[in-house]
Amino acid sequence: MANDMHDERRDPTQAVHETPGATSGETSGAPQAPENPAAEAAPQADALAPLLAERDELKDRVLRTLAEMENLRRRTEREVADARAYAVTNFARDLLNSADNIRRALESIPEADRASADGAFKALIDGIELTERDLAKTLERHGVKLIEPKGQRFDPNRHQAMFEVPDPEVPTGTVVQVMQAGYVIGDRVLRPALVGVAKGGPKPSAAPADAA
């Protein structure tokens with residue numbers, strides 16, 4: 001019976017001593033909070049910096065490539081448009097000789113003979129004039145237009161001066177005679193007009209652009 005009492009006295013003591021031990025074990029097994037979060041974030045930032053730099057470099061390359069492709073597309077469109085507009089340049093230039101010959105044929109007929117022409121001769125003149133008009137329309141459909149400089153101010157980009165004509169009544173630099181017709185194709189001069197330019201007259205009035 002003494003042993004039983006001794007056991008009863010020992011059990012509460014052991015229970016008291018075991019409880020802190022169990023609590024200590026549970027505490028030691030719990031996850032511990034990091035002592036310095038900033039110290040662990042620093043290596044992550046160092047590892048992320050090269051990735052961000054690589055991302056920015058790739059983004060810059062993509063933007064540059066897109067800009068180059070857009071420039072290439074615009075340049076290609078301009079080249080295609082120019083090829084369409086000026087593809088017949090050489091052919092049109094060769095046809096100008098035929099247009100010149102037709103014009104010379106008509107100019108070789110005296111005005112008196114043309115006014116009194118009848119029958120076959122009149123039909124021949126009408127046929128030549130019709131051929132000239134049809135040729136001019138054909139050239140115009142392909143972008144080739146006649147330059148009509150007579151009475152206009154001399155333009156060295158579109159006209160070629162062959163001689164000067166003294167004329168005090170006409171402003172200096174005015175085209176008063178056309179020796180050979182000129183033509184343009186699109187925005188380009190296919191052949192400059194050969195002209196005679198007046199001199200000795202009053203000075204031409206300044207254009208608004210010149211005055212500005």
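## The largest pocket

Let's start with helix α5, which supplies seven residues to the lining of the largest pocket, the largest share of any contributor. This is a predicted model, so everything below describes a computed picture. The pocket itself holds about 700 Å³ of space. A total of 26 residues line it, and the closest to its centre are Arg103, Glu132, Leu146, Ala181 and Tyr183.

Which elements each give at least two residues to this lining? They are α3 (89-107), α5 (119-141), β1 (144-147) and β3 (175-180). As for chemistry, the lining divides into 13 nonpolar residues, 11 charged ones and two polar ones.

## The chain as a whole

Stepping back, the chain has six helices and six strands. If you walk along from the N terminus, the elements come in the order α-α-α-α-α-β-β-β-β-β-β-α. The chain has 212 residues, and 16% of them are buried.

## Far apart in sequence, paired in space

Some residues are worth looking at in pairs. Take Leu139, which sits in helix α5. Is Leu139 buried or exposed? With a relative accessibility of 6%, Leu139 counts as buried, because the cut-off for that label is under 20%. Leu139 and Leu96 are 43 residues apart along the chain, and their C-alpha atoms are separated by 9.3 Å.

Thr138 is also found in helix α5. Thr138 is partly exposed, since its relative accessible area is 30% and that label covers values between 20% and 50%. From the C-alpha atom of Thr138 to that of Ala92 the separation is 9.9 Å, with their positions 46 residues apart in the sequence count. Over in helix α3 you'll find Arg93, which is partly exposed at 36% relative accessible area. How many residues apart in sequence are Arg93 and Arg191? The answer is 98, while in space the two are 7.8 Å apart, C-alpha to C-alpha.

## Salt bridges

Now for the charged side chains. The count of salt bridges comes to 11. One of them joins the side chains of Lys122 and Asp126, at 3.2 Å from N to O. Both residues lie in helix α5, four residues apart, which is about one turn of the helix. Lys122 has a relative accessible area of 39%, so it is partly exposed, and Asp126, at 34%, is partly exposed too. Elsewhere, salt bridges that share partners join Glu70, Arg73, Arg74 and Glu77 into one network.

Another salt bridge brings together the side chains of Arg114 and Glu129, with 3.8 Å from N to O. Why does this pair tie together separate parts of the chain? Arg114 lies in helix α4 (residues 111-116) and Glu129 in helix α5, so the bridge links parts that are 15 residues apart in sequence. Arg114 has 26% relative accessibility and therefore counts as partly exposed. Asp56 and Arg55 make a salt bridge as well, at 3.0 Å from N to O. Asp56 is partly exposed, with a relative accessible area of 41%.

## A nonpolar patch on the surface

Last stop: the surface. Which residues make a nonpolar patch there? Leu48, Leu51 and Leu52 do, and the patch covers about 270 Å². Leu48 has its place in helix α2 (residues 37-86). Its relative accessibility is 44%, so Leu48 counts as partly exposed. That value also explains why Leu48 can belong to a patch, because patches are made of residues with over 30% relative accessible area.

Note on methods
Residues are numbered from 1 along each chain as its sequence is written. This is a predicted model: local features need pLDDT of at least 70, side-chain atom pairs count only at pLDDT 80 or more; totals for chains, interfaces and linings use all residues. Side-chain values use heavy atoms; hydrogens and water are left out. Patches are made of residues with over 30% relative accessible area and no salt bridge: like charges are joined within 9 Å, nonpolar side chains (Val, Leu, Ile, Met, Phe, Trp, Tyr) within 5 Å. Accessible areas come from the Shrake-Rupley method with a 1.4 Å probe; for residues, only the protein chains shown count as cover. A salt bridge is a side-chain nitrogen of Lys or Arg within 4 Å of a carboxyl oxygen of Asp or Glu. Buried means under 20% relative accessible area, exposed over 50%, partly exposed in between (1.4 Å probe, protein chains only). On a 1 Å grid over the protein atoms alone, a cavity is a set of points where a 1.4 Å probe fits but cannot get out, and a pocket is an open set with protein on both sides within 12 Å along at least five of seven lines; lining residues have an atom within 4 Å of a point. Grid points are joined across faces, edges and corners, and a volume is the space filled by probe spheres set on the points. Ala, Val, Leu, Ile, Met, Phe, Trp, Tyr, Cys and Pro count as nonpolar, Asp, Glu, Lys and Arg as charged, and the others, Gly among them, as polar.
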